[in-house]
Amino acid sequence: MASNPMQQFTVHKIGPEIKIGGLDLSFTNASLFMVISTSVILFFLFLGSKEKKIIPNKIQLIAEMFYTFVAKMISDTAGSKAKPFFPFIFSLFMFVLSCNMIGMLPYSFTVTSHIIVTLILALFIFIAVTVIGFIKHGFKYLSIFVPSGVPAILLPLITIIEIISYLSRPVSLSVRLFANMMAGHTMLKVFGGFVVSLGLLGGWLPLSFSVALTGLEILVAFLQAYVFAILTCIYLNDALNLHH
Amino acid sequence: MRKYLGLLITLIVMNTDLFAAEAGMPQLDPTYWASQAFWLILVFTILYISISKFYLPKIKNNLDDRENKIKEDLENANKFKEQSDAKLKEYESILENAKKEVSKIHFESKNILDKDIQSKKKIIEKEIEEEIQKAQKEIAEIKKNSVTSIQSISENIASNIIEKISGDKLNESSIKATVNDISKQKIGKYL
């Protein structure tokens, strides 16, 4: 059981079975860790905003740092028009970051290592961005597929490539996060397994790898949350400020 | 790198055993997909609403308050600086005026003193002159007196000498005349 590195990704039911309209909506360990991640964020933000201090305490400072970090990220990539979407991007970034980080704890479950979770987030972003684009620019939004300054002969080809790249956005967005998280955790598990199987004599090498990988994974956890959020900003920028 | 590794694993699993969670990836087992989707949407909606309705406005308020406070403080500091600059200018001008006044007073008092000294000097000089004149007069008088007294003394001496030498008393009037005559000739030498 411990030798199977994919074991950690299994979803199992916690509590009673909930079935609505033939769909199994039972509370699982994945749901549990979603709730935990969200609670952590909300508790952190609660602590960070409960006292109104001119000179902030540590938690308030960190919360405000996250705020300014995401605000700067949005204004840098998508401009001032993206301001109404700030709460969404902020929630998205915090949620992905919290899920990734909590997944780094031993015996925990990484919510974002499941393709279905990341795919739903990415599909929601993709559909929302497309809808926003059509609302803002009408059918002119389709000009996103026709880049300016391209020779007429190449135009059909470029347009097809643009359409494919646009449609593959949700896939690349979701698979990037999911694959990073899954691969990292699998690797950690594999090296952990080596430590056990090689024992006291040879286990030190994979152990040191494990330690280094843990540091790397924490970096990746942050980086992937950042990438997820900033790509959302870039897609949003395409929809809000139509220019090519 | 890892992205492609993940993709590779996905593809391998997809090709071999798509829905077998035991053998491959539990992620591709659709048993709990609906559940995960449902809970994700539920939890994320709650997170989004509470963040956008409660926490972000609060943090934004805090940040805005701080920024306003800093701006206000900076403005106040500028105001105070201007005030202090104005006060400094005022102080400097007062100091300048005072310096001018001091030099003026100095000059005036010097003038007054000079005048005073001058007038007093004049008065004193006058007095001295008068004194000198008086003294000169006195001297002249004394000189005059001395001439007559010298003449009478010399007459006496002469008569006495003649008496002692000759034993005769000479005529007083002739002695007087002789002494007078000699003294008239020689007196200029001594006076």
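Biologist: Over which residues of chain B does pLDDT stay under 50?
Modeller: Keep in mind that this is a predicted model, with a mean pLDDT of 84 for chain B. In chain B, 85% of residues reach 70 or more. For the stretch in question, the model has ten contacts beyond four places in sequence, and the stretch is residues 15–22 of chain B.

Biologist: Thanks! Which helix of chain B has the highest confidence?
Modeller: Confidence in chain B is lowest in helix H1, residues 2–16, at a mean of 56. At the other end of the scale, with a mean of 92, is helix H2 of chain B, residues 33–166.

Biologist: What ipTM does the predictor give the complex?
Modeller: Two scores come with the complex, and the pTM is 0.72. The ipTM that goes with it is 0.89.

Biologist: Let's turn to where the chains meet. Which element gives the most to the side of chain A that touches chain B?
Modeller: The contact takes 41 residues from chain A and 36 residues from chain B. On the chain A side, the elements giving two or more residues are strand E2 and helices H1, H2, H3, H4 and H6 of chain A. With ten residues, the top contributor is H1(A).

Biologist: And how many residues of that side of chain A are nonpolar?
Modeller: Happy to break it down by class: four residues of the side of chain A that touches chain B are charged and eleven are polar. The nonpolar residues there number 26.

Biologist: What pattern does chain A follow along the sequence?
Modeller: Chain A has seven helices and two strands. Its C-alpha atoms fill a box of roughly 65 × 55 × 45 Å along the principal axes. Read along the sequence, the order of elements is β-β-α-α-α-α-α-α-α.

Biologist: Is H5(A) buried or in the open?
Modeller: H5(A) covers residues 155–167, and its end C-alpha atoms are 18 Å apart, in agreement with the span expected for 13 residues. To count as buried, a residue needs 20 or more other C-beta atoms within 10 Å of its own. The number of H5(A) residues that are buried is zero, so the helix lies largely in the open.

Biologist: How many residues of H3(A) are buried?
Modeller: H3(A) has 18 residues and reaches 25 Å from its first C-alpha to its last, close to the expected 26 Å. In chain A as a whole, buried residues make up 35% of 244. H3(A) itself is mostly covered, and its buried residues number 15.

Biologist: Where is A:Tyr107, the residue with phi near 70 degrees?
Modeller: That phi is a positive value in a residue other than glycine. A:Tyr107 is exposed, because it has 5 other C-beta atoms within 10 Å and the cut-off for exposed is 12 or fewer. Its place is the loop between H3 and H4 of chain A.

Biologist: One last one on packing. What is the handedness of the crossing of H2(A) and H7(A)?
Modeller: The axes of H2(A) and H7(A) are 9 Å apart, at an angle of about 35 degrees. Residues making the contact include A:Val70 and A:Ile74 of H2(A) and A:Ile230 and A:Ile234 of H7(A). By class, the contact has seven nonpolar, two polar and no charged residues. The crossing of H2(A) and H7(A) is right-handed.

Note on methods. Residues numbered from 1 in each chain as written. Chains lettered and ligands numbered in written order. Predicted model: local features only at pLDDT ≥ 70, side-chain atom pairs only at ≥ 80, totals over all residues. Contact = placed C-beta atoms within 7 Å. Helix = DSSP H or I, 4+ residues; strand = E, 2+ residues; numbered from the N terminus. Nonpolar A, V, L, I, M, F, W, Y, C, P; charged D, E, K, R; others polar. pLDDT = per-residue confidence, 0-100. Expected span 1.5 Å × (residues − 1). Axes fitted to C-alpha atoms, helices over the stretch in contact; angles between N-to-C directions. Left-handed = near helix turned anticlockwise from the far one by under 90°.
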